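Ready for some practice? Here are a few exercises, each with a worked solution to follow step by step.

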Amino acid sequence: MTGLLTETDGLPVAVENPAASSPVLLVCEHASRRLPEKMGMLGLSPEALSSHIAWDPGALAVSQLLMKSLDAALIYQRFSRLVYDCNRPPEAEAAMPAVSEVFEIPGNAAISAAARGERTEALYVPFRDTLSGFISMRKAGGRPPVLVTMHSFTPVYHGKQRDVEVGILHDTDKRLADCMLAAAEKTKRYDIRRNEPYGPADGVTHTLIEHGLKTGLLNVMIEIRNDLVSDEIGQRVMADYLTGLLGESLASLSQ
Ligand SMILES: [Zn+2]
């Protein structure tokens with residue numbers, strides 16, 4: 001293996017349940033806080049490296065439960081967004097952030113163009129190509145996927161408590177998001193909001209644009225407040241809830 005990743009690091013992208021029967025394709029860009037061994041600790045403390053700046057706690061666990069309950073495919077990035085944030089294009093500053101919330105990231109303070117290129121080639125390009133390859137293959141087989149990207153967010157951001165519990169995010173195509181919000185409204189279960197705590201203006205819809213909008217797929221991004229999915233019980237409750245919302249929404253869209 002050449003470039004950033006070593007033999008021990010393994011592959012950058014994981015694909016689970018590719019032969020799934022459901023059209024849903026789950027994507028988790030911030031699944032892991034793992035760093036490639038060549039990156040060291042980026043100058044950060046173990047505390048910072050296990051916090052939400054390194055990954056989306058709970059997002060992969062909920063995705064894997066949804067993968068089973070829906071019989072859906074799942075594609076995720078195996079390395080931390082601190083090295084490369086796969087929900088950002090290579091030209092974006094936020095793809096390799098020098099500051100994330102209240103943390104400065106010394107290892108990202110002055111990255112050379114060559115090092116940026118190496119990270120992009122090692123993590124972003126294979127992620128993008130795996131996703132687009134999977135979508136093309138399904139479309140060619142007459143089974144266009146439904147793109148569902150899975151994230152979690154911190155309950156306290158810049159010292160401020162967030163009330164929103166689940167965000168249903170979309171860019172210009174809001175077909176699936178509208179159905180999910182309508183289904184959620186009936187349950188009155190969580191504080192669920194449209195395009196909160198982030199929205200398209202924050203640059204968080206890169207994967208939706210690149211792989212959903214450009215290919216015409218139904219798409220949505222789900223943001224879960226991470227204190228709700230910090231243990232297995234919370235993850236199961238959330239996965240059951242989202243299974244219901246997605247199932248109902250897809251049934252109404254296919255009518
Ligand atoms: Zn995320």
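**Exercise 1.** How many salt bridges does a search of the whole structure find?

*Solution.* Let's start with what we're looking at. This is a predicted model, where local features need pLDDT of at least 70, side-chain atom pairs count only at pLDDT 80 or more, and totals for chains, interfaces and linings use all residues. Residues are numbered from 1 along each chain as its sequence is written, and side-chain values use heavy atoms, leaving out hydrogens and water.

Next, the rule: a salt bridge is a side-chain nitrogen of Lys or Arg within 4 Å of a carboxyl oxygen of Asp or Glu. Searching the whole structure this way gives 13 salt bridges.

**Exercise 2.** Take the salt bridge between R225 and D227 and work out how buried or exposed each partner is.

*Solution.* Step one: the two side chains meet at 2.7 Å, N to O. Step two: get the cut-offs straight. Buried means under 20% relative accessible area, exposed over 50%, and partly exposed in between (1.4 Å probe, protein chains only). Step three: R225 has 10% relative accessibility, so it counts as buried. D227 has 36%, so it counts as partly exposed. As an extra, salt bridges that share partners join K174, D178 and R194 into one network.

Now try E210 and K214, whose closest N and O atoms are 3.0 Å apart in their salt bridge. E210 is partly exposed at 25%, while K214 is exposed at 57%.

**Exercise 3.** Which protein residues are donors of the zinc ion?

*Solution.* First, donors are N, O and S atoms within 2.8 Å of the metal (3.2 Å for Na, K and Ca); water is not among the atoms, so sites may look incomplete. The protein donors are H30 (ND1), D56 (OD) and H151 (ND1), lying 2.0 to 2.1 Å from the zinc ion. Along the chain, the donors follow the spacing H-x25-D-x94-H. Finally, check burial: D56 counts as buried at 2% relative accessibility, and H151 counts as buried at 2% too.

**Exercise 4.** Which residues touch the most other members of the largest nonpolar core?

*Solution.* A nonpolar core is a set of buried Ala, Val, Leu, Ile, Met, Phe, Trp, Tyr and Cys residues joined through side-chain atoms within 4.5 Å. The largest one has 42 residues, and L25, L44 and L82 touch the most other members. Apart from this core lies another, of 40 residues, including L26 and Y76. As background, nonpolar side chains tend to be buried together in soluble globular proteins.
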